[in-house]
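Work through the exercises below with the sequence and the structure in view. Each task is followed by a solution in steps.

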Amino acid sequence: MSVSTMSANAADAVLLHAAGSLRGALTEVGDAFEKSAGLKVQAKFGPSGLLKDEIATGGKAEIFASANMEHPQALAKTGRSAPVVLFARNKLCALVRPGLAVTSENLLERMLDPDVKLATSTPKADPSGDYAFETFRKTEGIRPNARATLETKALQLTGGATSAAPPTGRNPYGWHIAEGRADIFLAYCTAARDARKENPELQTVALPEALAVSADYGLTVTKDASPGAYQFALFMLSSEGQRVLASHGFSAPNLPD
C-alpha cells in the first residue's frame with residue numbers, strides 16, 4: 001500500500017483529501033487499511049481551506065479530513081458531503097530556533113519583541129493560521145495592543161496558495177527557521193515534534209494556559225463516495241486507526257480507555 005499524492009495507478013482507490021499535518025499519520029493508517037481491506041488509498045495532502053475550496057468547486061474526493069471542523073461542515077451544509085465527525089485533536093505550540101531563550105512564561109514578551117521574527121501559517125487557507133490568530137486574540141486581556149502588534153508582525157510563511165515549498169521531505173516549519181525566516185513559529189504540536197526529529201536543537205514551547213488553543217479535526221465523506229470510502233472512514237475511527245493517530249502525537253477521542 002502506498003498513500004500517494006494523486007497517483008495515476010489507483011483508478012479504484014479511495015480518494016482522500018487531508019490536512020498536511022495528517023500526512024504521516026494517515027499514510028500509516030492507509031497502509032494498515034490496505035492490509036485489512038485490500039483497498040488502496042489515493043491521498044492529496046495540503047492546507048485544509050484550499051482543499052475545501054477544491055472539493056466545493058467539483059474536485060474529485062471521497063473523504064475530507066480537515067484540521068478544523070468548519071471546513072468540512074461548510075461542505076455538509078451545501079449537501080456536498082455527509083455530517084461531520086470529530087476524529088482527532090491537536091494543540092498549538094511554539095517552535096523556537098536554537099539559542100533563543102523562550103519559556104511558556106515569557107513567550108508573549110518574546111513574540112512581541114521587534115527583533116524576534118514571528119511566523120504563522122496563512123489564516124483561512126490553513127486552520128493552523130486561524131488557530132495562531134486565535135492565540136493573538138487571547139492576548140487582548142493580557143497586554144494592551146498586543147493583538148494588533150502580533151497580527152501585524154506575524155509572517156504568514158506556510159499554508160497559502162503561493163507559499164514557498166520546502167525541499168522534499170523537509171518539515172516546512174523547521175526549514176523556515178533553518179533558513180532564518182523565523183525565530184518563533186506557531187504551529188501544531190505534532191508538526192513541532194516532527195521538526196525536532198530533523199533538528200533536535202529546535203525547541204518546542206507550550207503555550208501558557210491563557211493563550212492555549214486546541215484544534216479539533218473533522219472528517220466527512222462526500223455524497224458520491226464509494227463503499228470503500230466509507231470503509232476507510234470507519235477504519236480511521238476504529239481503535240486501530242485511532243492508535244496510529246495517537247502514536248503521531250494527536251489526541252484520539254475515539255480511542256478506548
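**Exercise 1.** Is Lys 44 buried, partly exposed or exposed?

*Solution.* The model is predicted, and the values used here are computed from it.
Step 1. The relative accessibility of Lys 44 is 25%.
Step 2. Buried means under 20% and exposed means over 50%, with partly exposed in between.
Step 3. Lys 44 therefore counts as partly exposed, at 25% relative accessibility.

**Exercise 2.** Find the salt-bridge partner of Lys 44 and say where both residues sit in the chain.

*Solution.* Step 1. A salt bridge needs a side-chain nitrogen of Lys or Arg within 4 Å of a carboxyl oxygen of Asp or Glu.
Step 2. The side chain of Lys 44 meets that of Glu 54 at 2.8 Å, N to O, in a salt bridge.
Step 3. Lys 44 belongs to strand E3 (residues 41-46) and Glu 54 to helix H2 (residues 48-56), so the pair, 10 residues apart, links distant parts of the chain.
Step 4. Glu 54 also has a relative accessibility of 25% and counts as partly exposed.

**Exercise 3.** Describe the salt bridges of Lys 40 and Arg 170, then give the count for the model.

*Solution.* Step 1. Lys 40 pairs with Glu 34, with 3.4 Å between the closest N and O atoms. Lys 40 is partly exposed, at 41% relative accessibility.
Step 2. Arg 170 pairs with Glu 198 at 3.1 Å, N to O. This pair again links distant parts of the chain: Glu 198 is in helix H8 (residues 189-198), while Arg 170 is in the loop between strand E7 (155-158) and helix H7 (172-178), 28 residues away.
Step 3. Both partners are partly exposed, Glu 198 with a relative accessible area of 36% and Arg 170 with 32%.
Step 4. Shared partners join Glu 140, Arg 147 and Glu 151 into one network of salt bridges.
Step 5. The count comes to 12 salt bridges.

**Exercise 4.** Which backbone atom lies 2.9 Å from a polar side-chain atom of Thr 149?

*Solution.* Step 1. Thr 149 is located in helix H6 (residues 146-153), and at 35% relative accessibility Thr 149 is partly exposed.
Step 2. The atom is the backbone oxygen of Asn 145.
Step 3. For another residue in the surroundings, take Phe 136: its C-alpha is 8.9 Å from that of Thr 149, and the two residues are 13 apart in sequence.

**Exercise 5.** What lines the largest pocket, and how is the lining divided by class?

*Solution.* Step 1. The largest pocket holds about 1000 Å³ of space.
Step 2. Its lining has 39 residues, and nearest the centre are Gly 20, Arg 23, Pro 166, Arg 170 and Pro 172. Arg 170 is also the salt-bridge partner of Glu 198.
Step 3. Two or more lining residues come from each of helix H1 (23-37), E3, H2, helix H5 (127-138), H7 and H8. H8 gives the largest share, 5 residues.
Step 4. By class, the lining has 17 nonpolar, 16 polar and 6 charged residues.

**Exercise 6.** Give the volume and the lining of the second largest pocket.

*Solution.* Step 1. The volume is about 170 Å³.
Step 2. The lining has 14 residues, and Leu 15, Lys 60, Glu 62, Asp 224 and Ser 226 are the closest to the centre of this pocket.
Step 3. By class, this lining has 6 nonpolar, 3 polar and 5 charged residues.

Note on methods. Residues numbered from 1 in each chain as written. Predicted model: local features only at pLDDT ≥ 70, side-chain atom pairs only at ≥ 80, totals over all residues. Heavy atoms only, no water. Buried < 20%, exposed > 50% of the residue type's maximum accessible area, 1.4 Å probe, protein only. Helix = DSSP H or I, 4+ residues; strand = E, 2+ residues; numbered from the N terminus. Polar contact = N/O pair within 3.5 Å; in protein donor to acceptor, adjacent residues only side chain to side chain. 1 Å grid on protein atoms, 1.4 Å probe; cavity = no way out; pocket = protein on both sides within 12 Å on 5 of 7 lines; lining within 4 Å. Points joined across faces, edges and corners; volume = space filled by probe spheres on them. Nonpolar A, V, L, I, M, F, W, Y, C, P; charged D, E, K, R; others polar.
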